[in-house]
Protein chains: 2
Amino acid sequence: MTRKPKANLEDIARETGVSKMTVSRVLRGGSGFSDDTRTRVLQVAERLGYIPNRLAAAFGADQASTLVGICVPRLTSGLFAHVLDGVDRALTRLGYQVMIGCNNHSAEDEEAWLRQLISWRPAGVILSGRHHSPGTVDLLRNAGMPVVEIWELTTTPIDMAVGFSHFDCGAEMGQFLIRRGRRRIGVVGAMAGQDEMGRARRDGVERALAQAGHPVAAAELLLDTPGFYAGYYGLETLLSRAPGLDAVYFHNDEMAIGGLAYAQARGLRVPEDLAIAGWGGMEAASVLPLRLTTTVVPTTAIGKLAAEGLVARLRGEPVQDVVAVPTRLVPGQTV
Amino acid sequence: MTRKPKANLEDIARETGVSKMTVSRVLRGGSGFSDDTRTRVLQVAERLGYIPNRLAAAFGADQASTLVGICVPRLTSGLFAHVLDGVDRALTRLGYQVMIGCNNHSAEDEEAWLRQLISWRPAGVILSGRHHSPGTVDLLRNAGMPVVEIWELTTTPIDMAVGFSHFDCGAEMGQFLIRRGRRRIGVVGAMAGQDEMGRARRDGVERALAQAGHPVAAAELLLDTPGFYAGYYGLETLLSRAPGLDAVYFHNDEMAIGGLAYAQARGLRVPEDLAIAGWGGMEAASVLPLRLTTTVVPTTAIGKLAAEGLVARLRGEPVQDVVAVPTRLVPGQTV
DNA sequence: TGCCGCAAGTTTACCGGTAACGTAGCCAAA
DNA sequence: TTTGGCTACGTTACCGGTAAACTTGCGGCA
């Protein structure tokens, strides 16, 4: 089955009549060879269909890996998909390869994945969130490679960080709801609170509302993943327990849209009877008949900045350790 | 910076007082050592914080790679996100690592990515679609590793295939629209037709409508990526060119929901004045006030089956070369 | 004329595993 | 007593690159 590629440096060297070291230098674009040699080597390499063996290169030389790992909490989230896209485009352009992982919002899964990743001796790694297991931090310190923590901001990164404050997102929306005259405000969470960052947003809302003198009226913390269904049934459950709410803050836009669907199915007028606020800024939110009030997050930019920061560090260029990206509260028509 | 992990097999061997070959055998769970030796080796490995070097293993032994590549047309599509999730879960469970790629619906980009992937000597690869460049096919034949083509079905796979017929999806929806009495049917496409599979669906619709004696009344092929905005403005454009349509088939659900938003904004009654059909089965489609008529695709299952088939082949187990997964037309309330 | 420096190479050693093969010691069957 | 097989190892060679050190030939310059 796995017959190996036909040509290696040795083969090219033999055909060209030089040493394999010279071939290596030519193919990597170094110096110490004549134009004539270069041309001949390239021709032979082309003719033999040479494909470099990065395994050997990274193994032999250390320092030479072009592999970067990225671990996100969920692969099926539209937001992380865009982060991944930003990372992938930037790294591909810069000549790196991307190994993915998914930790299901679990620090243990993250550590397990990281252990696998490190066994490939990558050039760097991008993690999501700022909460990691002690084992994870240990592994990273020993590996001595660049690390970027994305999504949530931290002032004490393991190495570098690109993100924003989820707490502030929540607080800002809480204040907004108050300014719009809402007083009986509920929240719908997801994933049993395992999503630390979703929890930070809820904490932000709670703090803002409490400070305004109108603390959270009711909260429903679902076990489900934060999707449309969960939003739909989450709002149903919340309203059955606490009728008379005049606003609800959802874990994210998908849930908010699900909630919006429920409200409309129930004949509630949005925003007159009930205001609905989401988070994340998914595209669908802005083409609904009722544009969703939400906080837009620069997903792709985060991925891009993280990737570029990582590579800059690898190249020894100066980098900013902590990059705060701006989020933007977009008042729609649902509040 | 990149200081290497402290312990390797040699270190463990020295500390334990055996040869590194014995350590290797113990750690890989082979045979040829006593229980006592096993215990001591494991203890030392644990104490030294040994992390295997898969680079060296895969390089030295060939055949020993646990790296699998997967290339999808777009990372930001919700459908492919689920495919990726299915692949990732299955492969992680089976002890493999996943390298991702994105080809932007371009065969050249796919080939470029594959070339990078192969330089890592992976155990196998999963590609999307059945149209590949000659170079891609060449690379794969020479690499001699398992290949799974997913998403679109083919009777002549390079190696294995897991998918369904996009043409049939389109044809089925076309017939459905006709059965529901629609006669002036339009279609909205995306990505300038570069998405071969979206084109196959349109071809299916066209064929079905033509056979029924009511050929496609109007078609709008956008340049954009298939998102909500594109659906919104796509329908606007289509209706301005061809007023009086009584049904529109969209490239996918996201566009259909965008189209639905436009129809409602324009005061069109759906489905009375205009029927709207999507494709893909995104979750949002079923919680809208008006449940979208669409074709549900088993995304996660495709990823899972592809990953499992790949690993089965690697293990020399018997596998089915071509697996057809079922899609399901779900009549919603928009037709 | 002799020395230096540079361009254009070559040679050697090594990265950390694994396959293949070798071997010592022991026990059981012939 | 010999032989044969088994267990539990050890030895050797090698995978395909790259860093570092070494060599060779040539032109310029004192």
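So, helix 11 of chain B: in this predicted model, that helix lies across strand 6, strand 8 and strand 9 of chain B. Take strand 9 as your reference, and helix 11 of chain B runs at about 160° to strand 9 of chain B. Helix 10 of chain B also lies across these strands, and its list is strand 6 (185–189), strand 7, strand 8 and strand 9. Its angle to strand 7 of chain B is about 140°.

Okay, what are those helices lying on? In chain B there's an open sheet of 4 strands, and if you walk across it the order is 7-6-8-9, with parallel pairing. The edges are strand 7 (218–221) and strand 9 (275–277) of chain B; each has a single partner strand, so one side of each is left without a neighbour in the sheet. Going from neighbour to neighbour, the strands of this sheet are turned by 15° against each other on average, ignoring direction.

For those of you new to sheets, strands pair through backbone hydrogen bonds, and they can do that parallel or antiparallel. Let's zoom in on one pair. Strand 8 (residues 247–250) and strand 9 of chain B run parallel and are joined by 3 bridges. If you want one to find on screen, look for B:Val248, whose bridge partner in strand 9 of chain B is B:Ile276.

While we're around here, have a look at the loop between helix 11 and strand 9 of chain B, where B:Pro271 sits. The peptide bond joining B:Val270 and B:Pro271 is cis, with omega about 10°.

Now over to chain A. What is the strand order there? It's 7-6-8-9, again an open sheet of 4 strands with parallel pairing. Strand 7 (218–221) and strand 9 (275–277) of chain A are the edge strands, each pairing on one side only. The twist from one strand to the next averages 15°.

In this chain I'd point you to strand 6 (residues 185–189) and strand 7 of chain A, which pair in the parallel sense over 4 bridges. One to click on is A:Val187, which has A:Ala219 as its bridge partner in strand 7 of chain A. Packing on this sheet is helix 9 (residues 196–211) of chain A, which touches strand 6, strand 7 and strand 8 (247–250) of chain A. The direction of helix 9 makes about 170° with that of strand 6 of chain A. Then there's helix 10 (residues 228–241) of chain A, which lies across strand 6, strand 7, strand 8 and strand 9 of chain A and runs at about 140° to strand 7 of chain A.

Chain A has its cis bond as well: A:Val270 to A:Pro271, omega near 10°. A:Pro271 is in the loop between helix 11 (253–265) and strand 9 of chain A. And one more loop residue to check is A:His105, between strand 2 and helix 6 (107–118) of chain A. Phi of A:His105 is near 60°, so we have a positive value in a residue other than glycine.

Right, how do the two chains meet? The contact takes 57 residues from chain B and 57 residues from chain A. Between them they bury about 5,800 Å², and carbon and sulfur atoms give 61% of that. What about polar links? There are 18 residue pairs in polar contact between chain B and chain A, but 0 salt bridges across this interface.

Which parts of chain B touch chain A? Among the elements giving two or more residues are helix 4 (54–61), helix 7 (134–143) and our opening pair, helix 10 (228–241) and helix 11 (253–265) of chain B. The largest share, 6 residues, comes from helix 5 of chain B. By residue type, that side of chain B divides into 29 nonpolar, 16 polar and 12 charged.

Strand 2 is one to look at here too. Strand 2 (residues 97–102) of chain A and strand 2 of chain B pair in the antiparallel sense over 3 bridges. Look for A:Met99, whose bridge partner in strand 2 of chain B is B:Met99.

Last bit, charges. The count of salt bridges over all chains comes to 26. One of them is A:Asp11 with A:Arg14, the closest N and O atoms being 3.1 Å apart. The two residues are 3 apart in helix 1 (residues 9–16) of chain A, which means that about one helical turn separates A:Asp11 and A:Arg14.

Note on methods
Residues are numbered from 1 along each chain as its sequence is written. Chains are lettered from A and ligands numbered from 1 in the order in which they are written. This is a predicted model: local features need pLDDT of at least 70, side-chain atom pairs count only at pLDDT 80 or more; totals for chains, interfaces and linings use all residues. Side-chain values use heavy atoms; hydrogens and water are left out. Contact means heavy atoms within 4.5 Å. Buried area is the accessible area (1.4 Å probe) that two parts lose on being put together, summed over both. A salt bridge is a side-chain nitrogen of Lys or Arg within 4 Å of a carboxyl oxygen of Asp or Glu. A polar contact is a pair of N or O atoms within 3.5 Å; within protein, one must be able to donate a hydrogen and the other to accept it, and residues adjacent in sequence count only if both atoms are side-chain atoms. Ala, Val, Leu, Ile, Met, Phe, Trp, Tyr, Cys and Pro count as nonpolar, Asp, Glu, Lys and Arg as charged, and the others, Gly among them, as polar. Two strands pair if DSSP finds at least two bridges between them. Axes are lines fitted to C-alpha atoms, for helices over the stretch in contact, and angles run from 0 to 180 degrees between N-to-C directions.
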